[in-house]
Amino acid sequence: MDLLLCNDDGIDASGIAALEEALAPLGTVWVVAPESEQSAASHALTMHKPLRAHRHAERHWAISGTPADCIYLGLNNLLPGRPDVVVSGINRGSNLGNDVFYSGTVAAAMEAALHGLPATAVSLHLEPGDRERHWATAGGVARRVVEGLRDHPLADGVFLNVNVPNCAADAVRGLRATALGRRRYAPRVDLRTDPRGRHYYWIGGSHQAFVPLEGTDGPAIEAGWATVTPLRPDLTAQTALDALRAWSDA
Ligand code: MN
């Protein structure tokens, strides 16, 4: 099979190298990844400045843009044909609950799903103070999930979000199917002053807690499971649609 790999940590990140190593036995690997870190880039496309693609190695390109740019360029220009599966990661840090709306890793998988391709995002769940990073554990889970996508195709437009505990492979309880949960972050804003006396900000607080919702991703990973969550780009709130029909015109 032909596999297209992407990430949001950049083409030189350890996670995408581990992903390539884990998936290479399954077929031909293509890598189209950002040349610099794009974490939290979400689904942005670069439309107001030129995009450049640098060939790193055979079938490897670094792109001067976002993860979604990489998938767009990979599918529409760089690859000779459609890949069988798109895999994004392995991200340095988990993408659980509402992280999926900010994550460039997840957006790359979603962009592939919007093109009608099977896709998954894979992230390694790091706890504060973790020094060792068990990329190979996440690589093994990624391989199992890609084989699952191959053997049990999902409905068109559905893609997967996978998170893996940062531990040895034999310490993971298993792979658990979960729903998307909710995660709370500290609402942190640092106001600082630059050398010319002007104010600037740094935003983004640390993880506080996963909301304890039964069957969701965050609590499952804290209990030692690798998680796999099916996602889809259709965000329509179906029950609200019915309610809106009660007062709209059609
Ligand atoms: Mn990242």
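## A walk through the structure, starting at helix α2

In helix α2, the residues Pro67, Ala68, Asp69, Cys70, Ile71, Gly74, Leu75 and Leu78 are buried. Before going further, please keep in mind that this is a predicted model. The buried residues of α2 have plenty of neighbours to pack against: the strands β1 (2–6), β2, β4 (60–63) and β5, together with helix α3 (104–114). Helix α2 itself runs over residues 67–78, and its end C-alpha atoms are only 14 Å apart. A straight helix of 12 residues, at 1.5 Å a residue, would span 16 Å.

Strand β5, one of the partners of α2, is a good place to go next. Isoleucine 90 is found in this strand, and the peptide bond that leads into isoleucine 90 from glycine 89 is cis, with omega near -10°. Why point this out? Most peptide bonds are trans.

Now step along to asparagine 91, which brings us to the metal. Which residues hold the manganese ion? Its protein donors are Asp8 (OD), Asp9 (OD), Ser39 (OG) and Asn91 (OD1), and they lie 2.1 to 2.2 Å from the ion. Along the chain these donors follow the spacing D-D-x29-S-x51-N. Serine 39 and asparagine 91 link distant parts of the chain, being 52 residues apart. Serine 39 comes from the loop between β2 (28–34) and β3 (53–57), whereas asparagine 91 belongs to strand β5, residues 85–92. Are these two donors buried or exposed? Serine 39 has a relative accessible area of 35%, so it counts as partly exposed. Asparagine 91 has a relative accessible area of 6%, which means that it is buried.

If you move from serine 39 to alanine 40, you are still in the loop between β2 and β3. Alanine 40 has a phi near 70°, a positive value in a residue other than glycine. With a relative accessible area of 58%, alanine 40 is exposed. Arginine 59 is another place to look at the backbone: its phi is near 65°, again positive in a residue that is not glycine. You will find arginine 59 in the loop between β3 and β4, and its relative accessibility of 30% makes it partly exposed. These two angles are worth a look because most residues other than glycine have a negative phi.

Let us turn to charged side chains. How many salt bridges does a search of the whole structure find? The search finds eight. One of them joins the side chains of arginine 183 and aspartate 99, at 2.4 Å from N to O. This pair also links distant parts of the chain: arginine 183 sits in strand β9 (residues 183–185), aspartate 99 lies in the loop between β5 and α3, and the two are 84 residues apart. Arginine 183 and aspartate 99 are both buried.

Another salt bridge brings together the side chains of aspartate 190 and arginine 192, 3.2 Å apart from N to O. Aspartate 190 is buried, at 18% relative accessible area, while arginine 192 is partly exposed, at 39%. These two residues also belong to a network of salt bridges that links Arg188, Asp190 and Arg192.

A further salt bridge joins aspartate 242 to arginine 245, at 3.5 Å from N to O. How are these two residues placed along their helix? They are three residues apart in helix α6 (residues 238–245), so about one helical turn separates them. An α-helix has 3.6 residues a turn, so residues three or four places apart point the same way. Both ends of this bridge are partly exposed: aspartate 242 has a relative accessibility of 46%, and arginine 245 has one of 49%.

Our last stop is on the surface, where Val189, Leu191, Tyr201 and Ile203 form a nonpolar patch. Together these residues have about 470 Å² of accessible area. The elements that give two or more residues to the patch are β10 (189–193) and β11 (199–203). Tyrosine 201 is found in strand β11, and its relative accessibility of 55% means that it counts as exposed, since the cut-off is over 50%.

Technical notes. Residues are numbered from 1 along each chain as its sequence is written. This is a predicted model: local features need pLDDT of at least 70, side-chain atom pairs count only at pLDDT 80 or more; totals for chains, interfaces and linings use all residues. Side-chain values use heavy atoms; hydrogens and water are left out. Donors are N, O and S atoms within 2.8 Å of the metal (3.2 Å for Na, K and Ca); water is not among the atoms, so sites may look incomplete. Helices (H or I, at least four residues) and strands (E, at least two) are DSSP runs, numbered from the N terminus. Buried means under 20% relative accessible area, exposed over 50%, partly exposed in between (1.4 Å probe, protein chains only). Patches are made of residues with over 30% relative accessible area and no salt bridge: like charges are joined within 9 Å, nonpolar side chains (Val, Leu, Ile, Met, Phe, Trp, Tyr) within 5 Å. Accessible areas come from the Shrake-Rupley method with a 1.4 Å probe; for residues, only the protein chains shown count as cover. A salt bridge is a side-chain nitrogen of Lys or Arg within 4 Å of a carboxyl oxygen of Asp or Glu. The expected span of a helix is 1.5 Å times one less than its number of residues. Contact means heavy atoms within 4.5 Å.
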